[in-house]
Each structure stands twice: as C-alpha cells, then as structure tokens.
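Open your viewer and get your selection tool ready. We will go from one stop to the next, and at each one I will say what to pick and what is there.

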Amino acid sequence: MACQPSLFPSDAGAPDARPSADGAPRSRERWAGFVSVVVDIPARALSEPFAYAVPERLADDVDVACAVLVPFGRRAAVGYVVARADDLSGLPGAEGLDPARVRPVSALLSARAFSAGAPALASWISREYVAPLAECLRLFLPPGGSPRLRRAADGSWELEPPAVGEARERVVSLTPEGLDYEPPANATRQRMLMEALSCGPVTTRELNLLYTDLSAAIRTLRDRGVVRVDERRAWRAPDGGTTLSSARACAPVELTAGQRAALDAIEAAREAGSGDVVLIDGVTGSGKTEVYLAAIERVLAAGRSACVLVPEISLTAQTVGRFRSRFGDTVAVFHSRLSAGERRDQWDMVFEGAARVVVGARSALFCPFPDLGIVIIDEEHESSYKQGSSPRYHAREVAARLARDCGCPLVLGSATPSAEALARCRAGSHRGQRWLRVEMPERAGAGRLPEVVVADLRREFSSGARSMFSRPLREALAEVVERREKAVLLHNRRGFAPFLMCRECGCVPTCEHCSTALTYHERTHTLECHTCGAVTRVRPYPAPGSACPACGSRYLAKMGVGTQQVEDALAAVLPADVPVIRMDADSTRGKDAHKRLLEEFDAADCAVLLGTQMIAKGLDFPEVTLVGVVMADYALKMPDFRASERAFDLLEQVAGRAGRGERPGRVIIQTYLPDDPVIRAVAAHDRSIYAEADAAQRREALYPPYVRLTNVIVRGKDARSARGYIDRLAAEVRARIAALAPAAGGLDRPVVLGPVSCVIERAKDRYRFHFLVKAPLEADVSPLVADALAQTPPPAGVGVAVDVDAYDLM
C-alpha cells in the first residue's frame with residue numbers, strides 16, 4: 001500500500017471531505033469500512049493501491065470490482081476497488097496508516113467494472129512485467145465502458161458519458177386480451193402484424209425486415225390493448241455467419257488413439273483441479289480442434305465456462321463457425337476488428353452468463369468469466385500471443401496463472417510447439433504447475449502428411465531460369481489447374497518490392513521518421529514505412545518522372561519481391577478463369593476482409609490463395625493439394641536467436657495446409673539453402689533434424705529456454721539524452737545484480753549485455769537503445785529492474801519499455 005498522506009495536501013479534496021490543518025477529515029459522515037483503490041493513472045510511481053474510507057451512504061454500493069470517484073491530490077480521479085475491509089488493518093499494505101488521515105470515496109461510478117478475480121491477476125501482471133497497475137487493470141475493463149473525467153467550464157470535474165452505451169430493442173407481443181382479436185378485413189398491416197405475433201413475441205427490427213414499416217399498426221393495436229411493446233437489452237453481435245465449408249464441426253464417429261489420449265489427459269487435469277498444463281503436440285490435420293470441442297463439452301456439462309485463443313484474425317470466422325456449430329449462440333467472439341459496441345456487448349454476454357464459450361485473440365483472456373473451467377491456446381507457438389505494448393505480457397504465461405487461480409486445465413495445442421513449452425514438459429513442472437506433453441502423430445480421417453519437394457534455386461539460376469517460379473512449382477501449378485484443384489502460395493513479404501534502389505549511386509529511400517527502408521506498393525505507387533505507417537508517392541523506373549532523391553538519376557529500380565509482384569506473376573502464368581486471391585496486411589484492412597477473401601477462395605472451383613504468414617496456420621481446405629513457398633530464405637537469416645525456430649514453424653505450418661482431404665498433397669519449397677537443417681527438417685517432417693542443433697547452440701550461448709531474457713528499451717527524440725539515461729539505468733541494474741547471491745547452474749546470476757543501439761535505431765522520430773538481462777530460470781528479474789527504474793527515473797522526453805521474457809529484439 002502506497003504512503004498516502006503525502007498525496008493529499010491540506011487544501012485539496014472534494015467538498016464533503018476537506019481535511020483540517022492536522023490532516024483529519026472534517027466530514028461528519030461515519031465510515032462503513034475501508035477499501036483499496038487502484039487510481040486510474042497509468043504511472044509506475046502509482047503501482048500500488050491507495051486506502052480510502054467508505055461513507056455510510058455508500059456502504060451497500062461500494063465493493064470489490066466497482067469503479068468509484070475519489071479525491072486524489074488536487075483533483076478528482078477514477079479508481080477501481082480491489083479489496084474491502086472493516087478496518088485498515090484488514091487491507092493489505094495499509095498497516096500503520098492513520099484512519100483520521102484517510103479520505104473517503106466520493107461517489108460510485110459503476111457497480112461492475114471487472115470480475116472478482118481480476119485484481120489479483122492484474123497485480124501479478126503488473127509485478128511480473130514491470131507495468132503500472134492501473135494499466136494492467138484496464139485489460140479487464142469492459143470495452144468502451146470505463147468511466148472518464150473531464151474539466152467542466154467552472155473548473156470542477158465531471159463524468160464523461162460512456163463512449164459506448166447499451167443497445168436496446170423493442171419487443172412486440174400479444175396481450176391476453178389480444179389473443180382473440182380479429183383485425184378488420186381492410187386492415188392489411190394489422191393482419192400482417194397479428195400473423196407475425198401468432199408464433200410469439202417479435203422485435204420491431206425483425207418485423208421491419210419482414211414487412212417494412214409496421215409502426216402505425218403497432219401503435220394502433222397497442223392503444224387498443226391488443227399488443228404490448230417492451231424494451232429490453234439487445235446484443236450487438238458480430239456477423240457470425242459464414243459460407244466457409246470448414247466452419248462446421250460434426251462430431252466424428254470415432255476418435256483417433258491420439259485424440260483419446262489427449263482428451264484423457266485433459267480430463268485428468270480437470271479432475272485434479274490444480275491448474276495443470278497439457279501440451280498437445282499434434283501434426284497438422286491431426287484433429288486438435290475436435291479434442292478442444294470434446295473437452296469443452298465436458299466443461300459446459302459441469303456448469304463452467306471456456307476460453308479459446310487463436311493467433312490470427314483470419315482464423316476467427318472458421319473457428320467461431322466450428323464452435324457455434326457445436327455450442328450455438330453461447331459462443332462469444334473477441335478480436336480487434338469488432339466495433340466498440342460489439343466488443344462491449346460480447347463482454348456483457350460473458351459477464352451475465354449468456355455466453356459460456358469465448359473465442360478470440362489474446363485479449364479474450366481478460367473477459368469476466370463467472371466460473372472458468374478450461375483455457376485453450378491454439379497454435380501456442382505463435383509470437384502474436386506476446387503483447388507488443390505495455391503491459392508486455394505473454395498470453396501463455398497469463399493463461400497459466402489464470403488456470404492455476406481458477407483450478408482449471410490449460411491446454412496448449414500446436415504442430416510446432418515452442419521451445420519453452422517443450423522444455424517445461426521435459427522438466428515436468430514449471431512454477432508449481434505440472435506440464436504434460438501428449439503426442440498426436442497421425443492425421444485424422446483420410447488425410448496424410450504431404451510430400452515435400454525442395455526446389456534448389458541455385459540450379460534454376462545456373463540453368464538460365466530467371467522466373468520467380470521454379471520449374472517444379474510451375475509444373476505443379478499447371479497440374480492443379482488441369483485437375484481443377486486449389487493451391488496455397490506463401491510469400492512473407494507484402495507490398496510489390498521490399499525496397500527501391502538507385503542503380504547509379506546506390507541510394508535506398510528510407511523513412512524520414514525511422515531507420516528502415518521504405519517498401520514499394522505498386523497498386524498505389526507509394527513508398528510505405530511498415531514501422532510507422534508513413535506514405536510517400538513515387539514513380540520508380542521506367543515510369544516518367546522517376547528520380548533518385550539523392551542524385552536525381554531516373555534509374556530508381558524495384559529490388560526484391562513482394563506479394564503484389566507475385567500476384568502479377570501468377571496472373572500471367574495462370575488461365576484467366578483461375579482467380580488469385582491475395583491475403584496480406586494491405587488486402588485485409590477492412591472489417592470482415594479476412595472472412596470475405598477466405599469465402600471467395602472456398603467457393604471457387606479452382607483458385608490460388610497467395611499470402612503472408614496469416615495463411616500459414618489453422619486454415620482447413622480439403623481441396624488444397626499444392627502448397628508453394630516462393631522464397632523460404634527470408635526467415636532463415638534474421639538477426640534473432642529464434643530465427644531457426646520461427647522459420648521451421650512457418651514452413652511446417654504452411655506445408656500442413658496441403659493434403660487435408662482424400663487427395664494427396666504436395667509441398668514445393670523454393671530456396672537457395674537446400675542443406676539448411678530447417679529445410680531438411682520440414683522436408684522430412686522431422687523436427688529433431690534442426691531442433692537438437694538449435695538447442696545445443698542456445699544452451700551454449702545462454703538463450704531461452706535455458707535462461708530468462710529481459711529487454712530494456714529506452715527511446716527519446718534526443719539521442720544523447722536517451723543514451724546517457726540508459727547508461728545510468730544499466731549501471732543501476734548491474735549494481736543490484738552484484739548484491740545477489742550466486743545460483744547453481746550454467747548461469748549463476750543475472751548478467752547485463754549492453755547498452756547498444758537497437759537494430760532499428762530510430763523509429764517514429766525516437767532514437768532507441770537497449771540492454772538485455774540474461775537470468776537463470778528461477779531468478780525473479782522483475783523486482784530488480786523495477787527497483788532500478790524507481791531509483792533512476794527517466795528524464796523528460798525519454799521513455800522506457802521493459803519487455804520481460806522478450807520475443808522481439810529488433
């Protein structure tokens with residue numbers, strides 16, 4: 001509990017609780033108890049709750065999980081109640097506070113801001129990821145529903161109306177007197193209304209869709225006492241309908257041996273009730289989704305709820321369709337493309353128990369589950385489960401903590417499990433939770449793992465070929481067209497060309513705000529920064545007006561290949577009746593764009609789906625018999641210790657899109673590095689070919705999963721100020737490490753590497769520097785970094801980001 005008196009000067013406060021000269025409140029109200037309140041100000045200095053008194057007038061209203069108005073310094077502030085007690089000694093951290101100096105809660109703002117278990121989990125996230133407590137608690141608030149304050153014209157504080165209000169609908173029903181009513185013969189609209197109501201109550205929206213406007217008939221019959229009109233809460237649900245054939249999940253006649261083993265392990269973990277983690281290591285197409293569905297059926301039968309996370313919005317329509325085909329309208333949806341109203345209503349459906357299964361991205365973890373019975377993370381290896389902004393949590397770690405708190409199993413599923421998950425399963429436990437791995441080595445049904453062909457681009461080049469498609473890939477595409485099948489092509493570079501370069505002086509246009517090259521987009525004739533989003537119009541060679549920004553030469557040429565260029569090349573080699581459907585960050589910007597493009601691909605007789613990594617996982621189209629990787633080498637040589645793991649995940653996952661039906665599948669990987677262990681591992685469907693060597697390198701160099709890795713980033717407009725501050729902060733961290741006792745193992749205590757400039761040295765007009773903290777697995781690094789930050793606060797204009805268990809070191 002933070003030291004409170006210093007925050008409340010004697011001349012501050014609300015009119016009903018102004019303190020006297022000695023600090024005691026002048027209010028004549030009696031206190032009905034005390035509460036711990038997290039003030040909604042996201043600052044590291046306010047990372048603990050503050051104690052407030054509960055006036056008797058609010059005794060029945062103020063409780064844990066509600067939002068309140070409190071005096072804070074010289075202003076009013078929104079706060080969230082995280083604990084309540086009859087006296088101060090019952091509040092954690094409030095020992096020794098003088099009750100006479102504790103100020104009262106001013107007003108109740110919301111009776112339900114989050115679920116009862118949210119404060120404990122938010123506190124853990126705040127401590128674990130070195131983030132402000134208020135920022136972590138915001139994760140659990142209803143979307144668009146958190147109350148906010150603003151200055152009124154007279155200088156006082158007033159509450160802003162919520163950005164998103166509740167949706168209401170009007171329901172028309174027959175009264176008992178209206179059951180025998182017969183409209184006049186010429187009252188056509190009244191007859192329509194009576195016919196519609198003969199089967200039960202109908203909303204005015206449904207009536208308008210059926211018969212256009214019936215408002216006059218409704219008013220007439222209401223005035224006669226024939227019908228009644230009631231208003232009720234309506235749910236703004238996202239469009240759950242889809243024509244995707246893969247969005248239906250019929251229960252199989254019999255489960256495979258691997259599915260039964262996985263389901264038995266999940267059931268044992270559920271009965272144990274201790275938050276055990278079950279990792280389903282199943283090949284692509286092995287039927288992991290059916291295991292999820294069967295496990296959720298048992299959870300729902302026990303009266304509890306379920307949370308299912310998927311890594312890509314592109315998977316949402318398919319996954320939600322499958323779950324709704326089994327569980328109906330009890331399925332809620334959460335992802336970033338929903339409107340604010342839709343997100344708010346989905347949250348309310350979970351809170352009120354109308355939805356018992358939640359499917360969505362990582363934010364779905366923070367829904368107000370009344371009684372959570374299982375958490376499932378599909379494709380658990382995906383880096384998208386790591387939050388990129390504060391609080392920089394990892395969904396897997398938060399889910400593990402949530403499962404332990406709720407006493408329910410956490411199920412992780414992947415054909416390419418992360419190194420961290422595999423290491424914990426080998427150890428058998430992690431942080432007091434049991435970790436168990438279950439293998440599903442065979443595909444369900446008639447599907448078989450596809451044949452993988454490696455096309456050596458060195459040989460293609462030496463033979464005089466200059467096409468971006470090798471001979472094996474061109475021939476395979478022609479066969480797909482001849483058999484009227486479907487193909488998927490992966491190219492993990494969007495745009496038309498990764499960069500432009502002047503062939504006379506070598507200049508590469510870069511972003512004026514970031515130290516990154518601009519990507520050329522042919523459709524819009526623009527150079528775009530994929531870091532900050534800046535856009536510049538350009539005409540590269542041979543277009544008239546092409547000019548190098550450095551020397552003026554018109555030979556500003558396109559270099560490299562992006563998805564737009566691959567799309568044009570495919571259109572040139574395929575018949576006109578074979579559509580090429582491109583899915584990347586540019587073509588899927590609109591709402592429901594992912595679903596629309598996938599439905600177009602699904603409905604086509606013969607088509608090619610071209611895209612970036614968003615098409616590489618989870619999609620299930622039995623008609624796909626060919627998968628092509630245009631250039632596999634992009635992922636192999638990234639400056640990242642996870643490069644091999646990420647490359648294997650991407651290639652193995654996209655290879656799994658082929659051969660999921662009765663027809664055999666084939667995968668063609670184009671590469672200049674056919675002997676790379678990752679390429680050989682994908683070709684043989686044998687993870688160990690690359691994993692053993694990769695693990696040995698990580699163990700020797702002390703990288704995860706053998707150590708914990710924390711990345712501390714400092715950024716500022718002034719490079720000298722940012723560099724000076726990070727040097728002082730790193731020195732403070734080193735001083736604290738020096739005071740620690742050595743630990744057993746390969747790394748006896750944390751070490752600091754750096755500081756140095758980030759790989760992307762400047763982003764969004766901010767210079768960036770960082771240092772890494774490598775620590776033993778059992779080390780608790782977060783308090784160490786947090787204490788150093790508290791001792792060395794950043795100067796004005798300098799920001800700090802702490803990324804615990806970092807994934808992205810760029």
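## First stop: Ser414

Select Ser414 and His381: their side chains are joined by a polar contact of 2.7 Å. A polar contact here is a pair of N or O atoms within 3.5 Å; within protein, one must be able to donate a hydrogen and the other to accept it, and residues adjacent in sequence count only if both atoms are side-chain atoms.

Before going on, please note that this is a predicted model: local features need pLDDT of at least 70, side-chain atom pairs count only at pLDDT 80 or more, and totals for chains, interfaces and linings use all residues. Residues are numbered from 1 along each chain as its sequence is written, and side-chain values use heavy atoms, with hydrogens and water left out.

Now colour strand β16, residues 410–414, which holds Ser414. Helices (H or I, at least four residues) and strands (E, at least two) are DSSP runs, numbered from the N terminus. Is Ser414 buried or exposed? Ser414 counts as buried because its relative accessibility is 0%. Buried means under 20% relative accessible area, exposed over 50%, and partly exposed in between (1.4 Å probe, protein chains only).

Which residues surround Ser414, leaving aside its neighbours within four places in sequence? Show Ile280, Asp281, Gly282, Lys288, Glu379, Glu380, His381 and Gln653, which are in contact with Ser414. Contact means heavy atoms within 4.5 Å.

## Glu379 and some backbone oddities

Stay with Glu379, one of those contacts of Ser414. Glu379 lies in the loop between β15 and α10, and it counts as buried, at 5% relative accessibility. Plot its backbone angles: phi of Glu379 is near 55 degrees, a positive value in a residue other than glycine. Most residues other than glycine have a negative phi, and most peptide bonds are trans.

For a peptide bond that is cis, select Ser390 and Pro391, where omega is about -5 degrees. Pro391 lies in the loop between β15 (372–378) and α10 (395–406).

Another cis bond runs from Pro704 to Pro705, with omega near 15 degrees. To find Pro705, look in the loop between α18 (688–701) and β30 (708–716).

Then jump to Asp805, in the segment after β33 (798–804). Phi of Asp805 is positive too, near 55 degrees, and this residue is not glycine.

## Two open sheets

Next, select β2, β1, β4, β3 and β5: these 5 strands form an open sheet in that order, with antiparallel pairing. Two strands pair if DSSP finds at least two bridges between them. Which strands are at the edges? They are β2 (50–55) and β5 (107–110), each pairing on one side only. Neighbouring strands of this sheet are turned by 50 degrees against each other on average, direction ignored. Axes for such angles are lines fitted to C-alpha atoms, for helices over the stretch in contact, and angles run from 0 to 180 degrees between N-to-C directions.

Zoom in on β3 (residues 67–72), which pairs with β5 in the antiparallel sense over 3 bridges. Label Ala67 and its bridge partner in β5, Ser110.

Now move to the open sheet of 3 strands, in the order β22-β23-β24, where the pairing is antiparallel. Its edge strands are β22 (519–521) and β24 (535–537), and each pairs on one side only. The twist averages 30 degrees from one strand to the next. Strand β23 (residues 526–528) pairs with β24 over 3 bridges, and Leu527 stands opposite Thr536 in β24.

## Two helices

Keep β22 visible and add helix α14 (residues 563–573), whose buried residues are Thr563, Gln564, Val566, Glu567, Ala569 and Leu570. What covers these buried residues includes α13 (471–483), β20 (486–490), β22, β26 (580–583) and β27 (607–611).

For the next helix, pick α15 (residues 593–603) and find Arg596 in it. Arg596 is partly exposed, with a relative accessible area of 46%. Draw a distance from its C-alpha atom to that of Ala465: they are 131 residues apart along the chain and separated by 36 Å.

## Zooming out

Finally, show the whole protein chain, with its 20 helices and 33 strands. Buried residues make up 53% of its 810 residues. The C-alpha atoms fill a box of roughly 95 × 90 × 65 Å, taken along the principal axes.
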